[in-house]
Amino acid sequence: FPFPYTPYRIQEQFMEALYGALEAGRVGIFESPTGTGKSLSLICGALSWLRDWEEKRRQEEARLLAIGAGVQDGLTPQQARPGSADTAGQTDWVTAFVHKKEERDMVDRLKEQQIRRKKREDCLEKIRHNAQLKYAAKRKRCEEDEAKHLLQLSKEALSQGAGESALDQLDHNEEELILAEYESDDEKKVVSELEEDDDYLEEEHVTKIYYCSRTHSQLSQFVREVQKSPFGKDTRLVSLGSRQNLCVNEEVRRLGTLQLINDRCMEMQKNKHEKKSNEENEGKKRRVSRTMCPFYSYEQMQFLRDEVLVEVKDIEQLVSLGRETKACPYYGSRFAIPAAQLVVLPYQMLLHEPTRNAAGIKLKDQIVIIDEAHNLTDTIACIHSAEVSGSQLCCAHSQLSQYMERYRKCLKAKNLMYIKQILYLLEQFVAVLGGNVNQNPGCQAVSETGTVLKSINDFLFQSQTDNINLFKVQRYCEKSHISRKLFGFVERYGRPASAVKTNKENQKLAGLQNFLLTLQHGSDKEGTSQSPPVEADHDQLRTASPLMQIEGFLSALTNSNQDGRVILNRQGTVGQSSLKFLLLNPAVHFAKVVEECRAVIIAGGTMQPVTDFREQLLCCAGVDPAHIVEFSCGHVIPPENILPIILCSGPSNQQLEFTYQTRDLPQTMDETGRILCNLCNVIPGGVVCFFPSYEYEKQVYRHWEKTGLLSRLAAKKKIFQEPKKANQVEQVLVEYAKCIKRCSQTGGQMTGALLLSVVGGKMSEGINFSDDLGRCVIMVGMPYPNIRSPELQEKMTWLDKTMPRTAGQAPSRVLIENLCMKAVNQSIGRAIRHQKDFASILLLDHRYTRPAIFNKLPQWIRERTQVKPAFGSAFAELRK
């Protein structure tokens, strides 16, 4: 394998196993601890396979083309006749003739593909070595901009002469809000399909690797690794992202929220596509010109596509290239997908089928690598779950009924029928929550509060909506873009009354504004004022159309009955209550990915416990267990650089057990404090201590303040607490690192800092406590999830019904242990980040010694773990 430096032995093993899995078309679960160069191993292993595969294909094509050239154009019956008739009564020469025809067709196809590919490669080669081409393209752009500018000036001069009444203008503007005539799929004419195909000559998708990770920063990091690797020069790589990350139109970017950016972008494109037909109608009716995005230019995006394929670029470089070339990086990058060899994207984009299709991603016979996949099961469940609040339902109902009233005369019967169905659904959903859509949701108290779980069918029966075809409604919402039209309508008329010019048309809409105002100010129909509703609701109302959220919920209800549950959460008022869809079986959505791909690799730093992936995700998705490859490699650090200890009792010989019953006892909290005091006396630099929850961390902190233990701790280490707000995390980490650096330089009584963190919080994932930032990681107790949560209980019941028992344990019990140990492994893996790093890991709870739990630690930690019944010998080891 080509590698930028001499690889570690475990990297070689990793690449060999990866190559084997791709070659055999398997599903692989790959574990490689952070600090062992996993990204580079993935890059070099996978791209080596791709290079060899392309070479094999080229040879195979050359062989077939050579045979094709040797084959005569036709066979005369005399040449082929000497065989007898075969069993089906068909003579051999006919079979031979058909066979030859198939061969010829294939050869023609191959020739065509070869010519196309050659053209593309020549074009990219040209761009690579020709600065003049770039300059010419740039000059052409400047000329176009100048021409546009002059045209605009002359238009403005003309329009100043001809004044048009505001009302006329308003009506023209309103045309975009009216729904186009809707034809359902069964009535679609074949003609339109032909037109669509004709419009877009599809480019062939070459065999490629889709690499997914969780966040944009992880993807950028990966792209930088590719740039450094031996494949950095000649790999065609494209980075995909959301509009929020890739949009270069400042006016659109300023909208802030993803939903609004998506909406405005789609609207501008629609204007672009309609421009042609508008020009034809120019004579009949003067239209007011609507904004089109200056970056959505086909030529410029093609230019951007080629630039992207010529040289590996990360998202930041892609955006600055888009700004410079005045081309949209969001769409330009999508144009590059067919020809790319490596496509880098966030995994929500790949795992959600509608998003995948919209982006033009084709998985047939391709390779998918999902990195940072320790939370894959939860991620899939999250992407396909949806929640709507009572106030969103009421608000959408009000907006939609106002919309229908205003445009009733312009709407076709099909549109009215579907709008009425949606209104009926909204009405019934609010009724299920115990409310009425015609009253202010913030002022209707709910009689029976609490949480109820229903199967999808039971929920549809209870809400009396089982007679509506949700698949059709969902398709209607998708095709008619009703939520976008509604959003435009509310944008225009849903402002507080003062902002709207009063004229006859607008008076009709006073009802909508008044309703929105009552929502915002919390006054009910009679006008008695109540406490204002929650701030968040008010924001939601302003920033995006609630119908979009509701569409997500409707589409979730089309899952099959056994795979999900609907949670009715009735709280205080109807506005605060909510309906949530919970996906219990993520495998149904993952099955499609596994079926279509040639091979799927699920990789991560800590994938233990692996049973989750094997049982719940892969076997449920129909993967044959014999097709699953597991690979786990050790760490690159020498054994003496890590000291994991399971501590069973504290300095005063009290047994350590942090169950819900015992962890709140003063003596338990005192013992934890004593352990920390002793450790902080001997451990230099940074100590990170993980608690099972924010609440428990606060409780222990308050207790230590009272007993004076906190000030004893503070004499040795400056104490930091993990903030609850995400935007403060960076600040705390910077201060923590500064403090440790200062103490190591100045010497003196303070030896570093102590960071009190929370499992599953902001510090337990994706943050590096390398070197002095984490010389010891302490895990207080076992972070079991809250078993009393209705969602978890439902998941446990579902698993017990559908999964077999493993090693005599109920699947629900295994799930709880797996969730706990996944969280532990994520947290304790933060300390060792590279080959020369060293740290100790302390697990405070005797329950870690149970075999079922102990075996779920990552292998490289498990092999080196010592179990210490008493504190004395553990302390001596740590001191050493």
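1. Let's start with a term: a salt bridge is a side-chain nitrogen of Lys or Arg within 4 Å of a carboxyl oxygen of Asp or Glu. By that rule, Lys38, Asp371 and Glu372 are linked in a network of salt bridges. The general idea is easy to hold on to: side chains of opposite charge can pair when their charged atoms come close.

2. A quick word on what you're looking at. This is a predicted model, where local features need pLDDT of at least 70 and side-chain atom pairs count only at pLDDT 80 or more, while totals for chains, interfaces and linings use all residues. Residues are numbered from 1 along each chain as its sequence is written, and side-chain values use heavy atoms, with hydrogens and water left out.

3. How many salt bridges turn up in a search of the whole structure? The count is 27. One of them brings together the side chains of Arg51 and Asp52, at 3.7 Å from N to O. Arg51 is partly exposed at 42% relative accessibility, and Asp52 is partly exposed too, at 27%. (Buried means under 20% relative accessible area, exposed means over 50%, and partly exposed is in between, using a 1.4 Å probe and protein chains only.) Arg408 and Glu405 also meet through their side chains, with 3.1 Å from N to O; Arg408 has a relative accessible area of 34%, so it's partly exposed.

4. Now have a look at Glu817 and Lys856, whose closest N and O atoms are 3.2 Å apart in a salt bridge. Glu817 sits in helix α34 (residues 811-828) and Lys856 in the loop between α35 (851-854) and α36 (859-862), so this pair ties together parts that are 39 residues apart in sequence. Are these two buried or exposed? Glu817 counts as buried at 5% relative accessibility, and Lys856 counts as buried at 11%. As for the element names, helices (H or I, at least four residues) and strands (E, at least two) are DSSP runs, numbered from the N terminus.

5. On to the sheets. One is an open sheet of 7 strands with parallel pairing, in the order β3-β4-β2-β5-β10-β1-β11; two strands pair if DSSP finds at least two bridges between them. Which strands stand at the edges? They are β3 (237-239) and β11 (628-632), each with a single partner strand, so one side of each is left without a neighbour in the sheet. From one strand to the next, the twist averages 15°. (For angles, axes are lines fitted to C-alpha atoms, for helices over the stretch in contact, and values run from 0 to 180 degrees between N-to-C directions.) At the β3 edge, 3 bridges pair that strand with β4 (residues 342-346) in the parallel sense, and Leu237 stands opposite Leu342 in β4.

6. Two helices go with this sheet. Helix α1 (residues 9-24) packs on it and touches β1 (27-31), β5, β10 (599-604) and β11, its direction making about 155° with that of β10. Contact here means heavy atoms within 4.5 Å. Helix α8 (residues 216-228) lies across β2 (209-213), β3 and β4, running at about 160° to β4.

7. There's another open sheet of 7 strands with parallel pairing, ordered β14-β15-β13-β16-β17-β12-β18. Its edges are β14 (717-721) and β18 (866-868); each has a single partner strand, so one side of each has no neighbour in the sheet. Here the twist averages 20° from one strand to the next. β14 runs parallel to β15 (residues 752-758), joined by 5 bridges, with Gln721 opposite Leu756 in β15. Helix α37 (residues 871-879) lies across β12 (642-647), β17 (839-844) and β18, at about 170° to β12.

8. Helix α13 (residues 315-325) is a nice one to rotate on screen. Its buried residues are Ile315, Leu318, Val319, Leu321, Gly322 and Thr325. Seen down the axis of α13, they fall within an arc of 160°, so they line one face of the helix; the arc is that of the directions from the helix axis to the C-beta atoms. After α13 comes Lys326, with a positive phi near 55°.

9. Finally, two residues with a positive phi. Lys326 has its value of about 55° although it is not a glycine, and it lies in the loop between α13 and α14 (329-335). Lys326 is partly exposed, at 36% relative accessible area. Asp365 isn't a glycine either, yet its phi is about 60°. You'll find Asp365 in the loop between α16 (353-359) and β5 (367-370), partly exposed with a relative accessible area of 46%.
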